[in-house]
Each structure stands twice: as structure tokens, then as C-alpha cells.
Amino acid sequence: MKTPLLAGVFALATLAAHPVFAQDAINANDNEAAVAEPIRVTQQLLTPSAGLMNEHMHDGGELMIGLRFQRERYSGANRSGTDTISDAEILAAGFTTRPQAMEMDMLMLDLMYAPTDDLTLMVMPHYMWHRMEMVGIDPAHGGMAAGHGSMGPGHGGHAGGLPFGQVHAHGTEGLGDTLVSASYRLLDAAGLSAHATMGVWIPTGKVGRKNADGTFVHYGMQSGSGTWDVEPSLTVQGQAGPVGWGAQGAYRWRTEDDNESGFAFGDRFTASAWGSYLLTGTLGAT
């Protein structure tokens with residue numbers, strides 16, 4: 001008589017305990033999620049997303065749409081390597097004008113999706129604006145009107161006859177090359193992560209832009225490379241409390257010797273490092 005009763009009481013006690021255990025498990029999961037969310041937000045705040053590409057990954061199922069604007073301006077002395085080149089040296093080389101300043105604006109659209117925790121895919125089209133100022137450096141052209149005079153193919157074509165000291169500004173704009181990439185997570189430990197990226201640049205930008213006189217706009221103001229480029233990269237990031245750090249190395253390999261306009265840019269290796277600090281729960285500085 002006692003055995004069935006004890007068994008029945010134990011069974012009732014077990015059934016009664018199940019909802020409690022389940023609720024405890026739910027509460028534990030909620031706590032874990034609540035802890036994981038600030039950690040994930042903190043990691044994103046310590047990410048240097050402004051100046052680098054493929055520098056972060058997403059959790060599985062996440063979709064990100066970002067819009068970035070970047071401006072670069074070049075001015076000052078003309079150089080060959082680290083040596084300054086004077087106007088007299090440029091003139092002696094056969095050039096009657098020299099660059100005075102150049103601006104390049106880029107509007108980049110980031111489209112990122114992570115099908116799994118270990119894989120993040122990205123497509124990045126961008127639009128570019130180029131502006132350049134040229135100045136005449138040949139005293140012999142002091143009385144010549146802008147846009148006239150002999151302009152050889154090596155002189156840029158657009159300002160070969162500028163009067164001495166006169167500044168000529170011109171610009172181009174258009175769609176740049178498009179980056180398609182896949183990032184794979186190599187390490188995701190406490191305070192340390194690493195991922196490798198394989199990117200391909202699709203030559204969607206133009207390389208045949210010309211001046212009014214039919215000569216080519218020089219390389220620096222063409223909106224594309226005209227070649228299919230492969231760019232692998234490796235990114236490592238760490239975090240200790242409110243302090244974050246990271247480093248990335250990337251190599252852009254031009255897979256073709258020349259494009260449809262007969263030139264190709266050289267390969268490029270870049271290395272970047274950063275430090276960051278979490279100022280508040282929703283604000284970080286890099």
C-alpha cells in the first residue's frame with residue numbers, strides 16, 4: 001500500500017517541479033541573452049568601421065545596411081618617393097603644369113548578411129567624385145590663354161598650355177569598382193577573435209574618361225581600375241574590459257597586366273592597427 005502511494009506522491013512532486021525547472025531555465029536563458037547582448041553591442045562599439053572594409057563579422061541571420069562617406073584631399077609639395085620635386089625639376093622633365101591639389105569623395109553602400117555565425121557576405125558598390133587643380137609652371141607661357149598651346153600625351157592633355165601661375169580646376173565622377181567578399185571566422189574566444197576574408201573587386205568603374213580635346217584623363221581621376229582584382233585579408237581583434245584593439249593586413253592583387261585603356265595599377269599591400277575605448281554603454285571612441 002505504501003509503495004504505490006509514495007510512487008504517486010513522487011510522480012506528482014516531479015510533475016509539479018517541471019514548470020518550476022522550465023521557468024528557471026527560461027530565466028537563465030533570458031539572463032544569458034541579456035548578458036550576451038551588451039557584450040555584442042560593446043564589441044560593435046569597439047569596431048573601427050569608419051576607415052576599413054571587412055573589419056567585422058555578424059552573427060548568423062543578421063543583415064546590415066550601411067552608408068559611408070569618405071573624403072581624401074592631397075596637396076602640398078610634389079614628391080618622388082620621399083624627395084620633394086621643385087617646379088624647375090618638373091619643367092625640366094618636360095611638363096608645363098603640375099598638380100596643386102586633388103580631392104576624392106567616395107559614397108559607399110555596405111550590404112552585409114551572415115547566413116551563419118562563421119560566415120559573413122558583403123557587397124559594396126560605391127560612387128566617386130574627383131576634382132583636381134593644376135597650375136602653370138612655365139614662365140615662357142606667361143601670355144598664353146588657358147587651353148591653348150602644345151599638349152603632348154605625357155602632359156595630361158587638359159592644361160598643357162596654362163599661363164604661368166594660372167590655376168585650372170576640373171573634375172570627373174562616376175560609379176567605382178564593386179567589392180564582393182566573404183569573411184570566415186577563424187577564432188571566437190573570450191576577449192580575442194580573428195577572421196579571414198577573400199574579396200574580389202569587379203571592374204564596374206570606367207577607365208576611359210577623356211578630356212574635351214580627346215586625350216585621356218589621367219589615371220588618378222579614372223573612377224575604376226579596369227581589372228579584376230583579388231584582395232585577401234586577415235583581421236585580429238581583442239578586448240579587455242572597456243579597451244579594444246585590432247590589426248588588419250590586406251593585399252590587393254591585380255590579376256591582369258592591363259585594362260581596356262592599356263594600363264593597370266600596381267598591387268597594393270596595406271596594414272592597419274587601431275585602439276578603441278568604451279566611453280559609455282552606447283558610445284565608443286576609436
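Helices and strands are taken here as DSSP runs, numbered from the N terminus. With that naming in hand, we can walk through the structure above, which is a predicted model.

Let's start at the largest pocket. Its volume is about 1100 Å³. The lining is made up of 40 residues, and those closest to the centre of the pocket are Glu72, Met104, Met106, Arg252 and Arg268. Which elements give two or more residues to this lining? They are β1 (63–75), β4 (97–116), β6 (126–136), β9 (192–202), β10 (229–240), β11 (243–254) and β12 (268–280). The most generous of them is β4, which gives five residues to the lining of the largest pocket. By residue class, that lining holds 17 nonpolar, 16 polar and seven charged residues.

One of the residues closest to the pocket centre, Arg252, is also worth a look for its aromatic partner. Arg252 lies over the face of Trp201, with 4.1 Å to the ring centre. A second arrangement of this kind involves a lysine: the charged end of Lys210 sits over the ring of Phe216, at 4.9 Å from the centre of that ring.

Rings also pair with one another. A pair of aromatic rings is described by the distance of the centres and the angle of the planes. How many aromatic pairs does the structure hold? There are three. Which residues do ring pairs link into a cluster? Tyr219, Phe263 and Phe265 are joined in this way.

Next, follow strand β9, one of the elements that line the pocket. Three of its residues make good stopping points. Is Thr197 buried or exposed? Thr197 belongs to strand β9, and it counts as buried because its relative accessibility is 5%, where buried means under 20%. The side chain of Thr197 is joined to that of Ser183 by a polar contact of 2.7 Å.

His195 is another residue of strand β9. With a relative accessible area of 4%, His195 is buried. What lies 3.0 Å from a polar atom of the His195 side chain? It is the backbone oxygen of Asn54. Asn54 itself is found in the loop between α1 (2–45) and β1, so the contact ties a residue of that loop to the side chain of His195. Asn54 has a backbone feature to check as well: its phi is positive, at about 60°, although Asn54 is not a glycine. At 8% relative accessibility, Asn54 counts as buried.

The third stop in strand β9 is Gly199. Gly199 has a relative accessible area of 1% and is therefore buried. Which residue is 77 residues from Gly199 in sequence and 8.9 Å from it in space, C-alpha to C-alpha? The partner is Met122.

Other elements offer similar pairings of residues across the sequence. In strand β10 we find Pro232, which counts as partly exposed because its relative accessibility is 33%. Between Pro232 and Trp253 the separation is 21 residues in sequence and 8.7 Å in space, taken from C-alpha to C-alpha.

Another proline, Pro99, has its place in strand β4, the element that gives the most to the lining of the largest pocket. Is Pro99 buried or partly exposed? With a relative accessible area of 32%, Pro99 is partly exposed. The C-alpha atoms of Pro99 and Gly76 are separated by 9.3 Å, and the two residues are 23 residues apart along the chain.

Our last stop is a helix. Ile90 lies in α2, which covers residues 87–92. The relative accessible area of Ile90 is 12%, so this residue is buried. Ile90 and Asp138 are 48 residues apart in sequence, and their C-alpha atoms are 9.7 Å apart in space.

Definitions and conventions. Residues numbered from 1 in each chain as written. Predicted model: local features only at pLDDT ≥ 70, side-chain atom pairs only at ≥ 80, totals over all residues. Heavy atoms only, no water. Phe/Tyr/Trp six-rings, centres within 6.5 Å; stacked < 30°, edge-to-face > 60°. Lys NZ or Arg CZ within 6 Å of the ring centre and 35° of its normal. 1 Å grid on protein atoms, 1.4 Å probe; cavity = no way out; pocket = protein on both sides within 12 Å on 5 of 7 lines; lining within 4 Å. Points joined across faces, edges and corners; volume = space filled by probe spheres on them. Helix = DSSP H or I, 4+ residues; strand = E, 2+ residues; numbered from the N terminus. Nonpolar A, V, L, I, M, F, W, Y, C, P; charged D, E, K, R; others polar. Buried < 20%, exposed > 50% of the residue type's maximum accessible area, 1.4 Å probe, protein only. Polar contact = N/O pair within 3.5 Å; in protein donor to acceptor, adjacent residues only side chain to side chain.
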